[in-house]
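Reader: I'd like to learn how to read this one feature by feature. Can you walk me through it?

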Amino acid sequence: MSELAGVPKPEELLKIDYQPPRKGWMDTPVNFKPGTYCYPAASKNHKILDLPFPREWSPTEKDWKLPENWKEIVLNGIAERLSKYRSFKVFMDICVRCGACADKCHFFLGSGDPKNMPVLRAELLRSIYRKEFTAAGKVLGKLAGARELTPAVIKEWFYYFYQCTECRRCSVFCPYGIDTAEITMIGRELLYLLGLGINWALEPAAKCFMTGNHLGIQPHTLKDTLDFFADDLEDITGVRVDIPINKKGADILFVTPSGDYFADPGTYTCMGYLALFHELGLNYTWSTYASEGGNFGLFTSHEMIKRLNAKIYAEAKRLGVKWILGGECGHMWRVIHQYMDTMNGPADFLEEPVSPITGTKFENAKATKMVHIMEFTADLIKHNKLKLDPSRNDKLKVTFHDSCNPARAMGIFEEPRYVIKNVCKHFYDMPENTIKEKTFCCAGGAGLGNDENMEMRLRGGLPRGNAVKYVQEKHKVNRLACMCAIDRATLVPLCDYWAPGVQVTGIHEMLANALVMKGEKERETDLRGEPLKEVEE
Amino acid sequence: MSIMFPLAIILLLLLLVVGGVSYAHLENVFGIFIPYLALAIFLMGFIYRILSWAKSPVPFRITTVCGQEKSLDWIKANRLESPFTTLDVIKRMALEVLLFRSLFRNTNTELKEGPKVIHWSAKWLWLAGLAFHWALLIILLRHLRFFIEPVPFAVDLIDRLDTLFAIGVPALCLTDVVIVAAITHLFLRRVLVPKIRYISLPADYFPLFLLLSIIGSGMLMRHIYKVDLIKVKELALSLVSFRPVIPEGIGVIFYVHLFFVCLLIAYFPFSKLMHLGGVFLSPTRNLANNNRAKRHTNPWNYPVKVHTYAEYEDEFREKMKTAAIPVDKE
């Protein structure tokens with residue numbers, strides 16, 4: 001069992017009271033309990049990104065040093081967004097408070113805090129909308145569910161809009177498709193207008209803006225990192241892979257989240273890509289400028305999404321590639337699939353993607369010209385283009401976590417499962433209500449995956465963790481596969497806490513283990529350097 | 001508070017209409033003026049709300065996808081839950097609007113000893129919601145008999161099917177039973193389930209009470225305080241032909257029924273009842289999941305400040321050259 005500083009033990013944490021307080025929610029002020037909120041963004045990051053009102057402040061202090069005309073700023077911000085987003089306007093008006101969303105949120109299930117019911121999270125903003133933008137709210141006030149905009153409301157927004165991972169599970173169940181992610185995203189934009197943000201989202205955004213990736217890895221360091229992976233791969237497989245970087249005239253630009261360069265187990269997935277592309281003899285390139293597929297702009301503002309995402313098409317154009325291939329990432333794919341072309345397209349300088357190995361036309365990506373690596377690899381396997389030895393993964397009993405964004409923004413369910421089933425022999429899905437479109441979040445997405453917020457993450461991780469535990473007990477599952485860099489970071493403590501003994505893996509890590517490469521030596525270890533077969537103890 | 005306030009309003013309004021008709025003899029007001037006014041408010045309000053929503057653009061295609069995407073030929077796409085074409089979207093919306101597809105997915109999650117997080121299938125809300133809305137629709141269609149002469153065959157058929165079991169004279173309508181049961185369920189869950197009670201506003205109880213008042217007065221009129229239906233139809237026909245005449249002696253219960261109906265439709269555009277229109281405009285449901293195949297444009301897309309490759313290379317050129325990474329400017 002992991003000993004995380006300040007986090008109660010599971011037995012303690014499980015004493016969840018789902019009974020709402022006697023007092024109404026409007027009369028219950030927010031309480032910034034350590035372990036359940038994120039630290040504010042450093043002013044330097046606001047400055048790098050030209051965001052207003054950079055300052056040092058603290059959520060636990062009474063005075064948040066709001067700008068003098070803060071109220072006017074917020075109200076103008078709401079008015080502007082009502083006129084720009086039909087989603088926002090309709091979602092402010094049509095909720096009937098049926099409560100179907102209430103127990104769909106992992107943060108509500110793990111905390112019992114009624115303001116974590118998606119309906120109430122939205123009401124936090126809706127109540128202000130009613131007061132300021134509807135006749136009934138103006139006249140009837142509280143009776144119409146309206147309330148005054150005060151600094152206490154701003155504090156509440158900060159707390160609860162950063163207790164939402166924008167996973168969109170609630171919007172699957174809502175009879176009108178009300179999407180809390182829209183409300184959270186706009187709520188966060190309003191907070192940024194007042195200079196209020198969280199550092200764990202804004203610092204990566206600032207770094208990504210300047211260096212091309214969230215981690216601030218500079219070009220030469222990125223090259224060193226990839227070379228280092230090549231060394232490791234050579235030790236394990238006996239094959240030396242090439243690493244083309246910023247190569248003009250490559251056919252394909254490959255973009256993946258920077259988490260894959262940085263920390264285990266993401267690094268093994270990165271090695272998996274290298275092995276696969278080498279084996280295919282793919283004419284592709286990495287980019288140091290577009291060295292980030294993820295986009296923490298998504299957790300900041302719509303404008304920031306566009307500012308950070310612009311690099312991908314710009315780099316594809318500069319390098320003169322034909323199309324773009326994207327790695328295993330969650331929110332990256334929400335941005336690529338639902339925002340990129342609209343924001344930074346049209347990508348008319350690229351060609352409609354065709355697999356150079358199988359000749360398959362990726363018709364579903366013909367406008368955006370960016371293909372998900374799971375679509376690419378599934379197609380390779382289907383056409384027998386890879387020699388695979390799944391027995392090399394025999395010690396693994398695998399389950400698969402559908403990451404929120406690829407699931408509910410794209411619907412990419414079968415491709416990853418097809419790949420997994422071809423590279424390992426023991427695969428078991430978690431219970432139906434916890435996978436695919438009903439998948440539960442890792443509770444660390446949308447900028448919340450930081451250490452200071454660990455208790456809330458583990459609370460929110462309860463439904464996912466419990467489903468993992470279920471297959472662990474039933475099928476002896478010991479590996480949780482996922483195709484998301486945030487997952488590869490956040491599911492690790494989640495499993496240590498709720499399903500100890502289960503390790504996290506990317507899919508291309510398992511693929512590279514099974515991949516029989518030309519000229520390889522006999523494999524003794526997997527990419528982690530661990531023996532292929534389980535050692536008898 | 002959330003319950004008592006709307007209840008008090010309903011009682012006050014009841015007194016108003018009973019007093020107005022029985023003592024002040026304001027049949028003209030309650031039988032002609034208010035119905036016209038309410039209808040005008042409803043039509044104008046409804047159109048205004050739809051237009052005001054429609055005025056805001058849909059900048060991004062943010063479909064909530066609930067099924068397998070269309071990608072490779074050999075993977076079967078779920079075209080209803082992940083629509084790819086407009087026709088798919090129409091089918092998805094039809095399923096949503098006519099059968100409440102999303103609500104049908106509902107689960108009830110419980111934390112049990114173990115710990116075990118258990119997700120039960122929970123269809124009661126779906127059933128009550130669907131029963132209520134369909135019963136209401138049939139009741140509305142049934143009422144067309146008062147507005148059209150001769151009564152169309154279809155309306156007559158609905159009437160006959162609705163009274164199939166012929167309990168009592170006049171026969172009890174199935175839809176009346178269903179709708180009362182459904183509303184009672186919706187009301188009770190709001191009061192009895194703590195988390196639903198916690199989120200409920202007066203604006204959630206008011207329409208329930210209003211509907212119960214309408215149905216209650218309607219059933220009283222049909223089964224107990226019987227009114228002269230010929231005269232009711234005379235009034236209805238005179239209203240729709242814009243030559244309104246109040247027939248003598250219809251009975252106050254009719255005016256109660258009519259007044260509450262007027263309240264409901266006048267209240268409609270300013271309330272959550274507008275979900276009727278809003279569901280069609282919900283961008284997570286009414287857009288296809290074909291984002292990468294077909295470009296979606298944002299009418300207010302504007303240029304933003306970016307960090308260009310040239311600026312990036314200027315900063316890192318020496319380091320890149322040392323690491324043998326190709327650069328644009330030597």
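Author: Sure, starting with domains: their bounds come from an automatic or database domain assignment. Here that gives domain 1 (10-197) and domain 2 (205-514) of chain A. The centres of domain 1 of chain A and domain 2 of chain A, taken over C-alpha atoms, are 30 Å apart. One caution: this is a predicted model, where local features need pLDDT of at least 70, side-chain atom pairs count only at pLDDT 80 or more, and totals for chains, interfaces and linings use all residues. As for labels, residues are numbered from 1 along each chain as its sequence is written, while chains are lettered from A and ligands numbered from 1 in the order in which they are written.

Reader: How many residues does each domain of chain A bring to the contact?

Author: Two residues are in contact if their C-beta atoms, placed from the backbone, lie within 7 Å. By that rule, domain 1 of chain A brings 28 residues and domain 2 of chain A brings 32. On the domain 1 side, α5(A) gives the largest share, five residues. Helices (H or I, at least four residues) and strands (E, at least two) are DSSP runs, numbered from the N terminus. By class, that side of domain 1 of chain A has 14 nonpolar, nine polar and five charged residues. For the classes, Ala, Val, Leu, Ile, Met, Phe, Trp, Tyr, Cys and Pro count as nonpolar, Asp, Glu, Lys and Arg as charged, and the others, Gly among them, as polar.

Reader: And what about chain A against chain B?

Author: There, 94 residues of chain A are in contact with 80 residues of chain B. Helix α15 (residues 302-319) of chain A gives the largest share of the chain A side, seven residues. That side divides into 46 nonpolar, 21 polar and 27 charged residues.

Reader: How do I read helix packing?

Author: Two packed helices are described by the angle between their axes and the distance between the axes. Axes are lines fitted to C-alpha atoms, for helices over the stretch in contact, and angles run from 0 to 180 degrees between N-to-C directions. Take helix α3 (residues 70-84) of chain A: α3(A) packs on α10(A) at about 140°, with the axes 9 Å apart. Among the residues making this contact are Ile73(A) and Gly77(A) of α3(A), and Ile186(A) and Leu190(A) of α10(A).

Reader: Now the strands, please.

Author: Strands of a sheet pair through backbone hydrogen bonds, either parallel or antiparallel. Two strands count as paired if DSSP finds at least two bridges between them. Chain A has an open sheet of three strands in the order β5-β6-β7, with parallel pairing. Its edge strands are β5 (398-401) and β7 (503-506) of chain A, each pairing on one side only. The twist averages 35° from one strand to the next. Strand β6 (residues 479-482) of chain A is joined to β7(A) by four bridges, and Cys482(A) stands opposite Gly506(A).

Reader: Which way do β1(B) and β2(B) run, parallel or antiparallel?

Author: They run antiparallel, with six bridges joining β1(B) to β2(B). In their hairpin, which has three residues between the strands, Gly114(B) takes a positive phi near 140°.

Reader: Why does Gln472(A) count as buried?

Author: A residue is buried if 20 or more other C-beta atoms lie within 10 Å of its own, exposed if 12 or fewer, and partly exposed in between, with C-beta atoms placed from the backbone. Gln472(A) counts as buried because it has 23 C-beta neighbours inside 10 Å. Gln472(A) is in helix α21 (residues 462-475) of chain A. Not counting residues up to four places away in sequence, Gln472(A) touches Val477(A), Ala499(A), Gly501(A) and Val502(A).
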